[in-house]
Amino acid sequence: MRESSSKGNPAALLGQLASILLDKEAQIRLVLTALIAGGHVLLEDLPGLGKTTLALGLARSLDLPFARLQMTADILPGDILGSNFYDPAQRSFVFRAGPIFHSLLLVDEINRAPPRAQSALMEAMAEGQVSLEGACYPLPHPFFVIATQNPEEFDGVFPLPENQLDRFLLSLSLGYPSREAEMRLLRGEAVAPEQVEPQADANVLLEWQAAARSVFLSPEIRGLLLDLAEHSRRDPALRFGISPRALLALQAAARASAFLAGREFVTPDDLRAVTVAVLAHRLRWRDPGDSQGQLQTLLRRCWGFGV
């Protein structure tokens, strides 16, 4: 079992975020899983359910530079990445960094941005740098994107293509809180993000990420991952199966889940915790009407247990 102090303790971070966003510990754990695995998160939810609150609380709790980017139909790549401008004092062009140069970036309503802006964002996320007019500018390290979209909006939006959805390690929904949690919210028991103290910092987060990469993955667990990939590629209900990149994403998420649980090895419980969030936005079913049910059927056929 991994030992840690209250300062720089993932469990303390999880507890603090749970006091900000009530009744959502499972979803918060998934967001932290993506962060520690070095990936990014897509939150598909209705407005007003706490997405911005969670992002602000996470940035405050980790003392990370934070920016919020509101996507609109007229946004340009330069509004995201930055651009060169002429500085008369220096008599030369100088690069002015865009909001993407923050350790934690909230991209609100990503599907409202036109494809060109979406592609510029995804390219920077994938490569960890911004390329502009022959020069490369590295993004901060660590770097984490939380993107949001409303799944119920269809007018004036540009749905992300499959190759861009694949850039997100996890996709999930926060959903409505329970009646009890909403009663606590009405009583003012939820902690505001600006009221919390940092539980860690960028250096500690980098240490967590390194430790998660070293979590032991047994041949049996790797066998389960390979079995799932092979089953998905033979399943007639799927248009196409799990890609090698998705398989690596599932492995990284399972390791991060084990790290959050304080273990130095991955168990089937870690696969249960992350598989749906890793795969649901990557798989394409011939009949998309019951994608969640079909995914559960695939997992039971392959592993003998659902999630």
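Below are legends for a set of close-up views of this predicted model.

**View 1. The five-stranded sheet.**
Here's an open sheet of 5 strands, paired in parallel and ordered E2-E5-E8-E1-E9. Strand E2 (66-70) and E9 sit at the edges with a single partner strand each, so one side of each has no neighbour in the sheet. Going from one strand to the next, the twist averages 15°. If you want to look at one pairing in detail, try E2 with strand E5 (residues 104-108): the two are parallel and share 5 bridges. Within that pairing, Ala67 is found opposite Leu105 in E5.

**View 2. Helix H3 across the sheet.**
Helix H3 (residues 51-62) lies across four strands, namely strand E1 (41-44), E2, E5 and strand E8 (144-149). Relative to E5, H3 runs at about 170°. H3 also packs against helix H1 (residues 10-20), at an angle of about 145° and with the axes 10 Å apart. That crossing of H1 and H3 is right-handed. On the H1 side, the residues to pick out are Leu13, Gln16, Leu17 and Ile20, and they meet Thr53, Gly57, Leu58, Ser61 and Leu62 in H3.

**View 3. The largest nonpolar core, around Leu170.**
In soluble globular proteins, nonpolar side chains tend to be buried together. The largest nonpolar core here has 68 residues, and Leu58 and Leu170 touch the most other members. Helix H10 (residues 244-260) is the top contributor to this core, giving 10 residues. So what does Leu170 contact once its neighbours within four places in sequence are left aside? From the earlier part of the chain come Leu30, Thr33, Ala34, His40, Val41 and Leu42, and the list goes on with Ala253, Val274, Ala277, Val278 and His281. There is also a second, separate core, made of 28 residues, with Ala113, Phe143, Ala147 and Leu165 among them.

**View 4. A salt bridge inside helix H2.**
A search of the whole structure turns up 11 salt bridges, and this view shows the one between Glu25 and Arg29. Their closest N and O atoms are 3.7 Å apart. Both residues belong to helix H2 (residues 25-37), spaced 4 residues apart, or about one turn of the helix. Are these two buried, exposed or somewhere in between? Glu25 counts as partly exposed because its relative accessibility is 42%. Arg29 is also partly exposed, at 29%.

**View 5. Two salt bridges between distant parts of the chain.**
Side chains of opposite charge can pair when their charged atoms come close. Glu162 and Arg239 form a salt bridge, with 3.6 Å between the closest N and O atoms. This pair ties together distant parts of the chain, since Glu162 is in helix H6 (residues 162-165) while Arg239 is in strand E10 (residues 238-240), 77 residues apart. Glu162 is partly exposed at 35% relative accessible area, and Arg239 is partly exposed at 44%.

The other bridge joins the side chains of Asp166 and Arg245, at 2.6 Å from N to O. Again distant parts of the chain are linked: Asp166 is in the loop between H6 and strand E9 (170-172), Arg245 is in helix H10, and the two are 79 residues apart. Asp166 is buried because its relative accessible area is 12%, under the 20% cut-off. Arg245, at 39%, counts as partly exposed. Zoom out a little and you'll find Glu162, Arg239 and Arg284 joined into one network by salt bridges that share partners.

**View 6. Helices H11 and H12.**
Two packed helices are described by the angle between their axes and the distance between the axes. For helix H11 (residues 268-279) and helix H12 (residues 291-303), that's an angle of about 145° and axes 11 Å apart. H11 passes H12 in a right-handed crossing. Which residues make the contact? H11 supplies Leu271, Thr275 and Val276, while H12 supplies Gln292, Leu295, Gln296, Leu299 and Trp303.

**View 7. The hairpin of E6 and E7.**
Strand E6 (residues 129-132) and strand E7 (residues 135-138) run antiparallel, joined by 4 bridges. Gln129 stands opposite Pro138 in E7. The hairpin has 2 residues between the strands, and Glu133 takes a positive phi near 50°.

Technical notes: Residues are numbered from 1 along each chain as its sequence is written. This is a predicted model: local features need pLDDT of at least 70, side-chain atom pairs count only at pLDDT 80 or more; totals for chains, interfaces and linings use all residues. Side-chain values use heavy atoms; hydrogens and water are left out. A nonpolar core is a set of buried Ala, Val, Leu, Ile, Met, Phe, Trp, Tyr and Cys residues joined through side-chain atoms within 4.5 Å. Buried means under 20% relative accessible area, exposed over 50%, partly exposed in between (1.4 Å probe, protein chains only). Contact means heavy atoms within 4.5 Å. A salt bridge is a side-chain nitrogen of Lys or Arg within 4 Å of a carboxyl oxygen of Asp or Glu. Two strands pair if DSSP finds at least two bridges between them. Axes are lines fitted to C-alpha atoms, for helices over the stretch in contact, and angles run from 0 to 180 degrees between N-to-C directions. A crossing is left-handed if the near helix is turned anticlockwise from the far one by less than a right angle, and right-handed if clockwise.
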